[in-house]
Structure formats: structure tokens, C-alpha cells
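I opened this model to go through its helices, strands, record features and ligand shell. My notes follow in the order I looked things up.

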Amino acid sequence: MTLRVGMLGYTFMGTAHSNALDRLPMFFPELPETERYVLVGRREEPLAEAADRFDFETTTTDWEDAVDDVDVFCNLGPNYMHVEPSIAALENGVHVLSEKPLAASVEGAERMAEAARQSDAVAATGFNYRFVPAIQYAKDLIDAGELGDIRHFTGRYMQGHLARNPDAGWSWRVSKEKAGAGALGDIGSHTIDLARFLVGDFERVSGNCRTFVEERPVPWKDDEMREIEVDDAYSAQVDFENGAMGVLEATRAAFGERNNNYVEIHGTKGSLKFELERLNEIKVSLEDDRGYRRVLMNEHDDPYGDRWWPPGHNIGWEHTFVHEYASFLSAIEEGGEHRPDFEDGLAVQRVIDAIQRSDEDDGRRIEL
Ligand code: SOE
């Protein structure tokens, strides 16, 4: 089986996803082959250049041309562009992998999840950090009861680009309508997804959102400033349905931080700590451990250990996308389940929305 791929988006995520598709035949040869067919974008010249580099056969500036004549549609556009093209693709029976957060609003995410329910196609949300081997290892430990009952979850996702570049220009990422949320939606959504994956569903949240810089210059218009409508940073206190409690935080304004995605979990019998900057390892404390032990990944017993290099030969951030596609394509081939799906994307969107509503109401606790 060869799956024809349409892809919307050709910058950062376009590169990450095309690279993943390129790696698959060599490292996951049992999966269906993919053919990079049509690349979608708004500006013809850079689009053509990207199509050439990513090895796509053709391009279009109209997404409607790319959601019927393909088997798989990868929606890597801005958040507000996830809804209509993904729904149209699903209605045509096309499998969809949409980037995160699923939409710019709960209403958009609900429509996408409903389209996925009505379709036989596979619908995936791009929370790629589930596919870090150390996160899968953590999930296995928790599911096997090695940590006991989970009491605490701490999730922080810290970036620093706004601190380093205080004059950063306005973009869709800071528009409420187009992005839905700021740091909370862009990187906080990853933390919320990891919390749900590793600990379980949220019961209630209390949120605090902050915009440090109120307006920013519009890069393509001289002397025009535009209001910033979303958060530069957020924090939240959460309760999980299983009784665990959690503290979440994300920012774009932490000087010194680049892309620090951090998770810490404590249970009645054990604890673990993971940080993306050291993604080939995880720290665990179980039973007789006196403090934390560093466990290296890429061993033969980790889910992807036999796929890449011999033990101790590290993998990187880009491999999370390869693993994500491996799961997605195998669900397509075998008609099985792929998670995170659109229901997971919707659940995360509801938490984002609840944190925003709580913030607007002086931190009142909101039930989910
Ligand atoms: C930008 O903040 C960004 O690229 C996010 O959009 C990604 O989801 C995250 O993985 C890295 O940072």
C-alpha cells in the first residue's frame, strides 16, 4: 500500500513532518510507504522551494485541492486553519494528522472531534512528546503500578524567545481568534496532554494568565502597533479525577530557557523526573533507591530501542515525529487505534479554555 500525502504548512513543522516521512522507510520498513504528493501554502515562491526540498510532487495555494485527492492529510497550519481543512478531509475519508493545539477554540475542536466520530478515517493530534521513549517508559512504569498511586504532577514548559527579543513582532500566534491562546495553547497544551497521558483526566483547574507586553509592532506595516490578546505565560493548579494534584506552568519569557519541557511525577511508591533537554534519559526513584537513579533510553527493551542505534547512541527531538507517524500509519494500515486522537485534542482544548475562564474570574476553580 502506498499512501498519497497532502501537507498544509511548509516551514518549521513542514520540515519536521517531511523529515519524519523520509526516515520511515529505512527504520520502519514494515509500514505502508508514503508518497509526498501535494504541499499547500499561501506564498507560491517559498512554497515551490519547500516542495522541491521536501520532495513533494506538486503544490497548491488552495487547501481544497489537497483534501480529496490524497489518502493522508497533514494539517500543520496555524491553529485557526486546523478546523475546516481537517473536517473536509475526514468527510472525504482521508486520514488526518493535525498539529496541536487541535483548534483555536473549544467550538472548533468539538466540530473536529465530531467529524472524526462520523468518519472511518484515523484522526490524530500532533502531541509528539508522547513519543519520546522516556515518556513511553514512564507510562509503562505508571501503568505497571511501579509508582503506586499518583499524588503529584508538575509540568513546566519554559521558553525564552520573548525575553531575548522584547521587540518581537505581532503574528497569528498572539491573536486570540487565530491562535486561541498564547504560551498556554502553544506549549502548555503539550504539558496538559502529557499530564492526561501519564496521570489521567482533569477534574478541576484554577488558572492565572499573564501578558507582559501589551502591544507589538506589525512587521509588514510601518509604525503600526497591535494589541496582544493572548498570554505570554500561564500557571495553573489542577486536580485529577484519580485524586492526584498538579501544578502547571509555561512561558515564552524565561530568559535562559530555550525549549525546556519538564515533567515530574510522585506516587506513593515511586517518583520520576524528565526533561526534554536530556531526552535520552529519565530519573526514577523506586523502592530501595536512595534518591534518584538515571535510566538511559535506547536500550533494547524500550519501544523504539531496536529501531535506531546501539545502546548509548542517542536520538533527538526529530525522532518523536517519526514515532508519531509510525503509530499513525500502523493504525491506518491495520484499522487500529492511534492516540492522541481528536478526542484527546478536544479534552486538552477544554482544559485550556477552563484555565482561561478561571483567569478571567480571579482564579476561581472551574470544574471540567
Ligand atoms: C514554538 O513555541 C514551538 O515550536 C511549539 O509550537 C512546538 O509545539 C514545541 O514543540 C516547540 O516550540
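**Helix α10.** I started with how covered this helix is. The model is predicted. In α10, 12 of the 16 residues are buried, so I call the helix mostly covered, taking 20 or more other C-beta atoms within 10 Å as the cut-off for buried. I listed the buried ones: H319, T320, F321, V322, H323, E324, Y325, A326, S327, F328, L329 and I332. Then I checked the length. α10 covers residues 319-334 and reaches 22 Å from its first C-alpha to its last. That is close to the 22 Å expected at 1.5 Å a residue.

**C-terminal record feature.** UniProt, in an unreviewed entry, lists "domain: Gfo/Idh/MocA-like oxidoreductase C-terminal" at residues 139-363. I computed the composition of residues 139-363: 28% helix and 28% strand. The end C-alpha atoms of the span lie 31 Å apart.

**The nine-strand sheet.** I traced the strand order next. It reads β16-β15-β14-β13-β7-β12-β11-β8-β17, an open sheet with mixed pairing. Why is one side of β16 and of β17 left without a neighbour in the sheet? β16 (293-296) and β17 (366-367) stand at the edges and each has a single partner strand, so one side of each has no neighbour there.

I then looked at individual pairings.
- β7 (residues 150-158) runs antiparallel to β13 (residues 260-267), with eight bridges between them. R156 has Y262 in β13 as its bridge partner.
- β7 also pairs with β12 (residues 245-251), in the parallel sense, over seven bridges. Here T154 stands opposite V247 of β12.
- β8 (residues 202-210) and β17 run antiparallel and are joined by two bridges. V205 stands opposite I366 in β17.

**Ligand shell.** Which residues surround the ligand? I found Q159, D186, I187 and N259. By class, the shell holds one nonpolar, two polar and one charged residues.

**N-terminal record feature.** I moved to the other UniProt feature, again from an unreviewed entry. "domain: Gfo/Idh/MocA-like oxidoreductase N-terminal" is placed at residues 3-126. The span of residues 3-126 is 40% helix and 23% strand, and its end C-alpha atoms lie 19 Å apart.

**Strand β4.** I followed β4 (residues 72-75) in detail. V72 and C74 point one way, while F73 and N75 point the other way. Are these four buried or exposed? All are buried. The pattern is what I would look for, because side chains in a regular strand alternate between the two faces of the sheet.

Both pairings of β4 went into the notes. Four bridges join β4 to β1 (residues 2-8), and the two run parallel. G6 stands opposite F73 in β4. Four bridges also join β4 to β5 (residues 95-98), again parallel. N75 has S98 in β5 as its bridge partner. I then added the helix: β4, α3 (residues 83-91) and β5 make a right-handed β-α-β unit.

**E35.** My last lookup was E35, which sits in strand β2 (residues 33-40). I counted 15 C-beta neighbours inside 10 Å, so E35 counts as partly exposed. I also took its separation from G160. E35 and G160 are 125 residues apart in sequence. In space, they are 37 Å apart, C-alpha to C-alpha.

Conventions
Residues numbered from 1 in each chain as written. Predicted model: local features only at pLDDT ≥ 70, side-chain atom pairs only at ≥ 80, totals over all residues. Pairing = 2+ DSSP bridges. Right-handed = clockwise from strand over helix to strand, strands pointing away. UniProt positions renumbered as here; feature names shortened; annotations may be inferred. Near = placed C-beta within 6 Å. Nonpolar A, V, L, I, M, F, W, Y, C, P; charged D, E, K, R; others polar. Expected span 1.5 Å × (residues − 1).
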